[in-house]
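Here is a short report on one protein model. Look over the sequence and the fold, then read on.

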Amino acid sequence: MIRELVTDEELLSTPCEPATAEDADLAQDLLDTMESIEDAACLAANQIGVAKALIVYKDDKNRSHVVYNPGMKRALRPYRTEEGCLTRDELKKVTRYDQATFTYQELVDDRLIPRKKECRGWTAQILQHMIDHCKGKLI
Ligand SMILES: [Zn+2]
């Protein structure tokens with residue numbers, strides 16, 4: 001189901017609760033909503049009003065991914081950049097890492113399975129932006 005985007009700063013700046021296997025419907029809503037927005041590359045659950053650490057994104061091959069409880073471990077090669085956000089008007093200067101190891105969970109047969117993935121460039125940047133959303137950081 002396509003949901004409305006939330007721009008309420010209080011909600012967006014609330015740290016998210018861990019997502020669980022029960023949040024599969026929410027994941028589908030995130031995918032539907034991301035698909036409905038032209039040029040949207042990622043979306044966090046709190047951007048549609050639910051403060052859970054659940055995100056979706058499109059990789060550089062335009063494939064969609066659902067990510068439960070993302071975190072970042074080893075991060076290399078920091079750089080400064082400007083980022084825009086679907087639920088903020090202005091660009092913001094941030095420090096990102098060009099390469100990092102991400103931990104997350106994936107829903108398989110109604111269970112959350114821990115995963116780890118090394119990402120670079122665009123995907124790494126998107127995931128860092130999404131992790132900030134989950135922490136309630138406004139970008
Ligand atoms: Zn954003």
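The sections below cover the metal site, the cysteines, one helix and the nonpolar cores.

## Zinc site

The model is predicted. Its zinc ion is coordinated by three residues: C85 through SG, H129 through NE2 and H133 through NE2. The distances run from 2.0 to 2.2 Å. Along the chain, the donors follow the spacing C-x43-H-x3-H.

Both histidines, H129 and H133, sit in helix 3 (residues 121–134). They are four residues apart, about one turn of the helix. Both are buried. The cysteine donor, C85, also counts as buried, because its relative accessibility is 12%, under the 20% cut-off.

## Around H133

H133 belongs to helix 3. Its relative accessibility is 2%, so H133 counts as buried. Sequence neighbours within four places aside, H133 is in contact with L12, C16, A44, N46, Q47, C85, T87 and I139. That list includes C85, a fellow zinc donor.

## Cysteines

How many disulfides does a search of the whole structure find? It finds zero. Take C16, one of the contacts of H133. The closest cysteine sulfur to that of C16 is in C134, 5.2 Å away. That is too far for a bond, because a disulfide needs the two sulfur atoms within 2.5 Å. C16 counts as buried, at 16% relative accessibility.

## Helix 2

Helix 2 spans residues 24–36, 13 residues in total. From first C-alpha to last, helix 2 reaches 19 Å. This is close to the 18 Å expected at 1.5 Å a residue.

Which residues of helix 2 are buried? They are L26, A27, D29, L30, L31, T33 and M34. The cover over these buried residues includes strand 1 (42–44), strand 2 (54–58) and strand 3 (64–85).

## Nonpolar cores

The largest nonpolar core has 18 residues. Those with the most contacts inside this core are I55, Y57, F102, I126, L127 and M130. Strand 1, strand 2, strand 4 (88–108) and helix 3 each give two or more residues to this core. Helix 3 gives the most, with six residues. Helix 3 thus holds two zinc donors, H129 and H133, as well as its share of the core.

I126 shows some of the packing. Leaving aside neighbours within four places in sequence, I126 is in contact with A41, C42, Y57 and K58. Another core lies apart from the largest one. This other core has 13 residues, among them L30, A40, I48 and V56. L30 is also one of the buried residues of helix 2.

Note on methods:
Residues numbered from 1 in each chain as written. Predicted model: local features only at pLDDT ≥ 70, side-chain atom pairs only at ≥ 80, totals over all residues. Heavy atoms only, no water. Buried < 20%, exposed > 50% of the residue type's maximum accessible area, 1.4 Å probe, protein only. Donors = N, O, S within 2.8 Å, 3.2 Å for Na, K, Ca; no water. Expected span 1.5 Å × (residues − 1). Contact = heavy atoms within 4.5 Å. Core = buried A, V, L, I, M, F, W, Y, C linked by side-chain atoms within 4.5 Å.
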